Amino acid sequence: MRITAAVMEKADAVLARRKIELEDVELEGPREDEVLIRVTSCGVCGTDKGVIHGLEPFPTPGVLGHEGAGGVEEVGSRVTMVKPGDRVMIGVPYCGRCRTCRRGEPRYCQDDMGLTFSGYRLDGSSPMRRPGWEKLAGRFFQQSSWATYTLALDRQLAVVPEGLDVDLTGPYGCSISTRAGTVLNELKPYPGSSIAIFGTGGVGLAAIMAARMTGATRIIAVDEVPERLALAKELGATHAIEHGAGTVAELKEITKDQLDFAIEAAAGATPPVIPGPGSQRPGGREANRPTDFATRRVLLRPARAGG
Ligand SMILES: [Zn+2]
Ligand SMILES: [Zn+2]
């Protein structure tokens, strides 16, 4: 079928901004485990931005978008989890066959990179083409949802319940699950613990809301933008720190120098805030990007918070 998609073209240099234009392209019908979705909304995430600027890998020409939501139009022959007419949000893809998927941890799927950044199905095919049959990388996170219609795997979908605006649900597939998952599945704050969240964009706010569901009693939002901090408090932060030279001192005071958990939610941010040795209690944990984890740094530039 003919659809409209935002097609990203190759740039002249590796780190140059890639050009994106709306084009009419061809989309195949769904394979047996795929679902055709009429996309009604899609988020714009820091990862999309990273790809556009050449900081993250993705083939060109291709179509981005990985926080899509919309209505089911058609389902593949073996799909039983959704049906035409359902309103769905598109989540993170997983193979469903590897060891970690079978162990019930699809977020650590061993085919993760192939499913998210290769641009194609795992067999190398793509359902999107330009008229004239030039293949497009049309499987970003197995959804490429910057398009009027797209295909997704049945297992990466969730049906949106009545009463919830489907067009607000796309971010559940990335920014919300990313940091809510960090809090609920990895850090698991225990009763009475303290947790600091650096950056209160979509990702940081998700961490705050998740922390509110745990026994943590000090949920500390750190950001440079007062309006964001106000929203963070509305959504569950018990304390808010306007970031500056006094950030570390304020953190120490609020936590009596015993910060249990810290989350970086301001992707690629500078300048760094370095709490330094002793800013967390012994055994405290941070959830940062791996490189930052090694140096125990917490980075901050709220204006660029991902999600
Ligand atoms: Zn898997
Ligand atoms: Zn994302």
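Me: I'm looking at strand E10 (residues 157-159) beside E6. How many bridges join the two, and do they run parallel or antiparallel?

Reply: Three bridges join E6 to E10, and the two run antiparallel. Keep in mind that this is a predicted model. The general idea is that strands of a sheet pair through backbone hydrogen bonds, in either the parallel or the antiparallel sense. Here, Val88 stands opposite Val159 in E10.

Me: Which strand is joined to E6 by three bridges besides that?

Reply: Strand E5 (residues 68-75), again in the antiparallel sense. To find your place in that pairing, look for Ala69, whose bridge partner in E6 is Met89.

Me: How do I read the two faces of E6? Which residues are on each side?

Reply: In a regular strand the side chains alternate between the two faces of the sheet. Take strand E6 (residues 87-90): Arg87 and Met89 are on one side, with Val88 and Ile90 on the other. All four are buried, which leaves both faces of E6 covered.

Me: Where else can I see that, and which residues point each way from E12?

Reply: Strand E12 (residues 218-223) is a good one, with six of its six residues buried. Arg218, Ile220 and Val222 point one way, while Ile219, Ala221 and Asp223 point the other. The pairing has another sense here: E12 and strand E11 (residues 194-198) run parallel, joined by five bridges. Ile197 has Ala221 as its bridge partner in E12.

Me: Now a whole sheet. What is the order of the strands in the open sheet of five?

Reply: Reading across, you get E4-E1-E2-E7-E8, with antiparallel pairing. Strands E4 (62-63) and E8 (134-135) are the edges, each pairing on one side only. At the E4 end, strand E1 (residues 2-8) pairs with E4 over two bridges, and Met8 has Gly62 as its bridge partner.

Me: Let me zoom in on a residue in that sheet. Is Val25 buried or exposed?

Reply: Count neighbours: Val25 has 23 other C-beta atoms within 10 Å, so Val25 is buried; the cut-off is 20 or more. Val25 lies in strand E2 (residues 20-27). Beyond its neighbours within four places in sequence, its contacts are Ile3, Ala5, Val7, Met128, Arg129, Arg130 and Leu136. Folding also brings Val25 to 9.8 Å from Glu134, C-alpha to C-alpha, though they are 109 residues apart in sequence.

Me: What about helices? Which residues of H7 are buried?

Reply: First the general idea: an α-helix has 3.6 residues a turn, so residues three or four places apart point the same way. In helix H7 (residues 247-255), the buried ones are Thr247, Leu251 and Thr255. Seen down the axis, these fall within an arc of 50 degrees, so they line one face of H7. Ala249 and Glu253 are exposed on the other side.

Me: What happens to phi just after H7?

Reply: Lys256 takes a positive phi of about 55 degrees there. Lys256 sits in the loop between H7 and strand E14 (259-264) and counts as exposed, because it has 10 C-beta neighbours inside 10 Å. Trp133 also has a positive phi, near 75 degrees. Its place is the loop between strand E7 (128-130) and E8, and with 7 C-beta neighbours inside 10 Å, Trp133 counts as exposed.

Me: Where is Pro61, and is its peptide bond from Thr60 cis or trans?

Reply: Pro61 is in the loop between helix H1 (46-52) and E4. The Thr60 to Pro61 bond is cis, with omega near -10 degrees.

Me: Which residues touch the most other members of the largest nonpolar core?

Reply: In soluble globular proteins, nonpolar side chains tend to be buried together. In this core of 70 residues, look for Val63, Ile197, Ala207 and Ile220. Helix H5 (residues 202-212) gives the most, with seven residues. The core also draws at least three residues from each of domain 1 (2-170) and domain 2 (176-304). Among the residues Val63 touches are Ala5, Val7, Met128, Leu136, Phe140 and Trp146.

Me: Last thing: where is the pLDDT below 50?

Reply: Over residues 270-280 and over residues 288-307. Those stretches have 20 contacts and 65 contacts beyond near neighbours in sequence. Where pLDDT is low, the predicted coordinates should not be read in detail. For the protein, the mean pLDDT is 86, and 87% of residues reach 70 or more.

Technical notes: Residues numbered from 1 in each chain as written. Chains lettered and ligands numbered in written order. Predicted model: local features only at pLDDT ≥ 70, side-chain atom pairs only at ≥ 80, totals over all residues. Pairing = 2+ DSSP bridges. Buried ≥ 20, exposed ≤ 12 C-beta atoms within 10 Å, placed from the backbone. Contact = placed C-beta atoms within 7 Å. Arc of directions from axis to C-beta. Core = buried A, V, L, I, M, F, W, Y, C linked by C-beta atoms within 7 Å. Domains from an automatic or database assignment. pLDDT = per-residue confidence, 0-100.
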